[in-house]
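Subject: Structure handover

Hi,

Here is the structure I promised to pass on. Please open it alongside this note; my findings follow below.

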Amino acid sequence: MATFSQRVFSGVQPTGNLHLGNYLGAIQRFVELQERYECIYCVVDLHAITVPQKPAELTRQIREVTAAFLAAGIDPRRHIVFNQSQVSAHAELAWVFNCVARMGWLNRMTQFKEKAGKDRENASVGLFTYPDLMAADILVYRATHVPVGDDQKQHLELTRDIAQKFNNDYRESIEANGFGEAYFPLPEALIQGPARRVMSLRDGSRKMSKSDPSDYSRINLTDSADAIAQKVRKAKTDPLPLPSEEAGLADRPEADNLVGIYAALAGRTKAEVLAEFGGAQFSAFKSALVDLSVARLGPIGAEMRRLMADEAYIDSVLVDGANRARAIAEQTMKDVKDILGFIRAR
């Protein structure tokens, strides 16, 4: 059986207004993984155009996500940071996977149903085949691990199914080309720590989102210290004091959300937070959460604003990362073409 190096791949869509949920759910975890894995982090701009985008805004948003990566502590010299569209192998392998994946598999993808809504006939083909491109993103680097949230688990399972089917369908050719019994690894999910889902500050039953019409529903990564403090103080709560045990958060979504945010920012468990603040009124807890949020997020926002003012530097990071990513991805495509039986330049 083939062996694979421990390599992480993950991506963030350049959809603008990066917020606390993006940081705690993805970017903070990317930083932590740098110490244990070879990491490839991608701004997935090809995924972004599955729904309409304004070109000038998309350009700005690609740079904003890159700035967030760097400001949060991702090291683009030790690891790879790039935007997807600069490496054509992503789209090339996605076509191969369009021919491996089955219609029934894609029809079961819940994210397509949610994003397409009732007017599925008017959705783009790209939105339907989005999971095949996601599989290509991961497997073009033969990544072994993918940090995922709850909403991406199904797509990662599909990636594993596509890898397994490719390995099974072409096993004889894979072996004949000297790659052992399998060419693609079956990537594993990395799910770490608390606050996997950060909810709206205005409604604890809804996920924090940039599309919410109220800016007070989220903390944007570029918010000033004053804006962060105001949003935390205005966050919806209930009239009861904080419970002393985690079971007391049941049926209290706003309280559960704020405790989860504090725990994630402090690197603690909810139980530890409640052991300290249990019995306290929300006014006292919110003051502590304001101090913690400003201390953790304020420097990131300031650094993001500094980096976004230096477009030439941001672009140089993306070009350098794309060159390094391309070297890996192009080798994968050469191997895949040999396995498929295509004729290519030698």
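**The 14–22 stretch**

Across residues 14–22, helix accounts for 33% of the chain and strand for 0%. The C-alpha atoms at the two ends are 11 Å apart. I looked at this stretch because UniProt lists residues 14–22 as "short sequence motif: 'HIGH' region", in an unreviewed entry. Bear in mind throughout that this is a predicted model.

**Strands 1 to 3**

Start with strand 1, residues 7–12. Five of its six residues are buried, which leaves the strand mostly covered. Its partner is strand 2, residues 38–43. The two run parallel and are joined by six bridges. One pair to look up is Arg7, whose bridge partner in strand 2 is Glu38.

The connection between them involves helix 1, residues 20–33. Strand 1, helix 1 and strand 2 together form a β-α-β unit, and the unit is right-handed.

Strand 2 also pairs with strand 3. This pairing is parallel too, over four bridges. Here Val43 sits opposite Asn83 of strand 3.

How are the faces of strand 3 (residues 80–83) covered? Ile80 and Phe82 are buried on one side. Val81 and Asn83 are buried on the other. So Asn83, the residue opposite Val43, is itself buried, by the cut-off of under 20% relative accessible area.

**Helix 8 against helix 9**

Two packed helices are described by the angle between their axes and the distance between the axes. For helix 8 (residues 130–139) and helix 9 (residues 153–169), the axes come within 9 Å. They cross at roughly 70°. Angles of 65 to 115 degrees count as roughly perpendicular, and therefore helix 8 and helix 9 are roughly perpendicular to each other. The crossing of helix 8 past helix 9 is right-handed.

**Two positive phi values**

Which residue in the loop between helix 8 and strand 4 has a positive phi? Arg142 does, with phi near 50°, and it is not a glycine. Arg142 belongs to the loop that links helix 8 to strand 4 (145–147). Its relative accessible area is 23%, so Arg142 is partly exposed.

Asp251 is another non-glycine residue with a positive phi, about 65°. Look for Asp251 in the loop between helix 11 (225–234) and helix 12 (253–266). Is Asp251 buried or exposed? Its relative accessibility is 79%, so Asp251 counts as exposed.

Best regards

Technical notes:
Residues numbered from 1 in each chain as written. Predicted model: local features only at pLDDT ≥ 70, side-chain atom pairs only at ≥ 80, totals over all residues. Heavy atoms only, no water. Buried < 20%, exposed > 50% of the residue type's maximum accessible area, 1.4 Å probe, protein only. Pairing = 2+ DSSP bridges. Right-handed = clockwise from strand over helix to strand, strands pointing away. UniProt positions renumbered as here; feature names shortened; annotations may be inferred. Axes fitted to C-alpha atoms, helices over the stretch in contact; angles between N-to-C directions. Parallel < 35°, antiparallel > 145°, perpendicular 65-115°, else oblique. Left-handed = near helix turned anticlockwise from the far one by under 90°.
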